[in-house]
Amino acid sequence: MSATTEQQPAPQTAQPAAPGSGARPRVLSGIQPTSESFHLGNYVGAVRQWVDLQREYQPFFFIADQHAITVEWDPKVLRERTLRGAAQLLAAGVDPKRSAIFVQSHVPAHAQLAWVLNGLTGFGEARRMTQFKDKSAKGGEGAASVGLFAYPVLMAADILLYRPHFVPVGEDQRQHLELTRDLAQRFNSRFKKTFRLPEPYILKETAKLYDLQDPTRKMSKSSSSPGGIIEMLEDPKRTAKKIRSAVTDSGAEIRFDLEEKPGVSNLLTIASALTGQSVAHFEEAYAGRMYGDLKKEVAEIVVDFVTPFRDRTLEYLDDQAYLMEVLADGADTAGAVAEATLRDVYQQVGFVAPLRRSAAGA
């Protein structure tokens with residue numbers, strides 16, 4: 001989610017709390033509001049699994065708007081995308097009665113803890129972060145913002161504030177979680193044991209979806225072409241057209257082979273991910289048939305899947321009073337936990353506690 005550690009946390013699948021053990025283990029994850037819509041790849045790979053986490057864990061899910069301003073941004077667009085992100089979480093099935101859904105900037109403790117952790121993070125340690133190198137490569141390191149450089153420290157604060165047992169991570173976030181654990185250990189050693197060392201929750205092996213126009217590359221909001229990415233909120237007719245125009249492969253046989261037939265394999269994977277049927281099922285169903293038949297059916301499967309998601313999201317966006325209530329409730333829940341952690345941190349680092357005046361004596 002750092003520099004190398006002496007011992008990396010081992011991948012594991014989180015286990016539910018034992019009966020009678022009290023509160024459910026906490027998990028925490030966030031998503032940046034950097035696009036108009038979730039795309040099918042990050043929905044299948046992450047967001048859909050967040051819904052499952054609600055059954056056995058105490059989840060905190062947030063829209064990471066503070067991370068979104070580490071690169072150039074438009075204020076109006078950021079506000080809109082933040083609300084769209086929250087609406088999509090609800091549409092996906094994240095239940096505000098079981099999960100705290102909130103906006104990062106609504107809980108000031110995120111930025112406050114990040115400043116303390118900045119004081120414990122080495123410059124070279126931060127500079128080695130892979131994603132900073134990747135994101136600053138285009139304009140050069142000199143043009144990158146200090147926020148982009150320090151955002152892994154904010155990410156560590158995001159996590160440590162809630163003292164979670166587990167953090168759902170993909171391989172690209174592994175380094176950030178290592179930094180988070182390093183900083184937690186450093187703080188606990190220098191001061192008093194304050195932070196839990198979060199473990200990685202390795203999301204279930206899921207279908208990896210690829211760009212429709214370049215099926216050798218992962219479907220990604222940052223690198224896919226407009227015609228190569230399936231946006232969950234775009235017009236379903238446009239989605240169907242994209243799939244019918246997807247790049248396929250030489251030959252005519254419909255079989256799963258990532259090396260020889262990446263385009264066909266990607267379509268088979270999408271169909272399997274959205275229906276629950278195995279890839280082998282679709283290989284058998286399309287034996288002797290044409291690529292056009294496969295594209296047509298995959299387009300229908302995707303449209304049938306994304307249309308109700310899109311409709312639910314738009315309904316939530318039309319009822320912004322309800323949406324803001326959900327976010328306010330989530331911020332209250334998250335804020336209570338975060339503030340308790342921040343008080344402990346401030347006491348340990350030597351900050352003078354403010355005088356708490358009563359309203360009557362003010």
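These are my notebook entries on a few helices and residues that I looked up in this predicted model.

**Entry 1: α4 and Leu-113**

I began with Leu-113, which sits in helix α4, residues 109–118. Is Leu-113 buried or exposed? With a relative accessible area of 0%, Leu-113 is buried. Next I asked which residues Leu-113 is in contact with, once neighbours within four places in sequence are set aside. My list reads Ala-157, Leu-160, Leu-161, Phe-195, Leu-342 and Val-345. I also looked up a pair that lies far apart along the chain: Leu-113 and Glu-339 are separated by 226 residues in sequence, yet their C-alpha atoms are 9.8 Å apart.

**Entry 2: α4 against α7**

From Leu-113 I moved on to the helix pair that includes it. Helix α4 packs with helix α7, residues 146–160, at an angle of about 120°, and the axes are 8 Å apart. That angle makes α4 oblique to α7. I noted the crossing of these two helices as right-handed. On the α4 side, the contact is made by His-110, Ala-111, Leu-113, Ala-114, Leu-117 and Asn-118. Facing them from α7 are Ala-150, Val-153, Leu-154, Ala-156, Ala-157, Asp-158 and Leu-160. How do the residues of this contact divide by class? I wrote down 10 nonpolar, two polar and one charged for α4 with α7. Two names here were already in my first entry, since Ala-157 and Leu-160 of α7 are among the residues that Leu-113 touches.

**Entry 3: Arg-163, after α7**

Following the chain onward, I stopped at Arg-163, in the loop between α7 and β4, residues 166–169. Its phi is near 45°, which is a positive value in a residue other than glycine. For context, most residues other than glycine have a negative phi. I then checked how open Arg-163 is, and at 23% relative accessibility it counts as partly exposed.

**Entry 4: α9 against α12**

My next pair was helix α9, residues 236–244, and helix α12, residues 291–318. I read an angle of about 155° between them, with axes 9 Å apart. α9 and α12 are therefore roughly antiparallel to each other. The crossing of α9 past α12 is right-handed. From α9, the contact uses Pro-236, Thr-239, Ala-240, Ile-243 and Arg-244. From α12, the partners are Lys-295, Val-298, Ala-299, Val-302, Val-303, Thr-307 and Arg-310. By class, I have seven nonpolar, two polar and three charged residues for this contact of α9 with α12.

**Entry 5: the two sides of α9**

I stayed with α9 to see which of its residues are buried. They are Pro-236, Thr-239, Ala-240, Lys-242 and Ile-243. Seen down the axis of α9, these buried residues fall within an arc of 160°, so they line one face of the helix. Which exposed residues does the face turned away from the buried side carry? Lys-237 and Lys-241 are the ones I found there. What covers the buried residues of α9 includes α12 and also α10, residues 262–275.

**Entry 6: Ser-272 in α10**

That brought me to α10, where I picked out Ser-272. Ser-272 counts as buried at 17% relative accessibility. Not counting residues up to four places away in sequence, Ser-272 touches Gln-277, Ser-278, Val-279 and Phe-282.

**Entry 7: Gly-45 in α1**

My last stop was Gly-45, in helix α1, residues 40–53. Its relative accessible area is 21%, so Gly-45 is partly exposed. How many residues apart in sequence are Gly-45 and Lys-208? I noted 163 for that pair, with a C-alpha to C-alpha distance of 7.2 Å in space.

Methods. Residues are numbered from 1 along each chain as its sequence is written. This is a predicted model: local features need pLDDT of at least 70, side-chain atom pairs count only at pLDDT 80 or more; totals for chains, interfaces and linings use all residues. Side-chain values use heavy atoms; hydrogens and water are left out. Axes are lines fitted to C-alpha atoms, for helices over the stretch in contact, and angles run from 0 to 180 degrees between N-to-C directions. Helices (H or I, at least four residues) and strands (E, at least two) are DSSP runs, numbered from the N terminus. Angles under 35 degrees count as roughly parallel, over 145 as roughly antiparallel, 65 to 115 as roughly perpendicular and the rest as oblique. A crossing is left-handed if the near helix is turned anticlockwise from the far one by less than a right angle, and right-handed if clockwise. Contact means heavy atoms within 4.5 Å. Ala, Val, Leu, Ile, Met, Phe, Trp, Tyr, Cys and Pro count as nonpolar, Asp, Glu, Lys and Arg as charged, and the others, Gly among them, as polar. Buried means under 20% relative accessible area, exposed over 50%, partly exposed in between (1.4 Å probe, protein chains only). The arc is that of the directions from the helix axis to the C-beta atoms.
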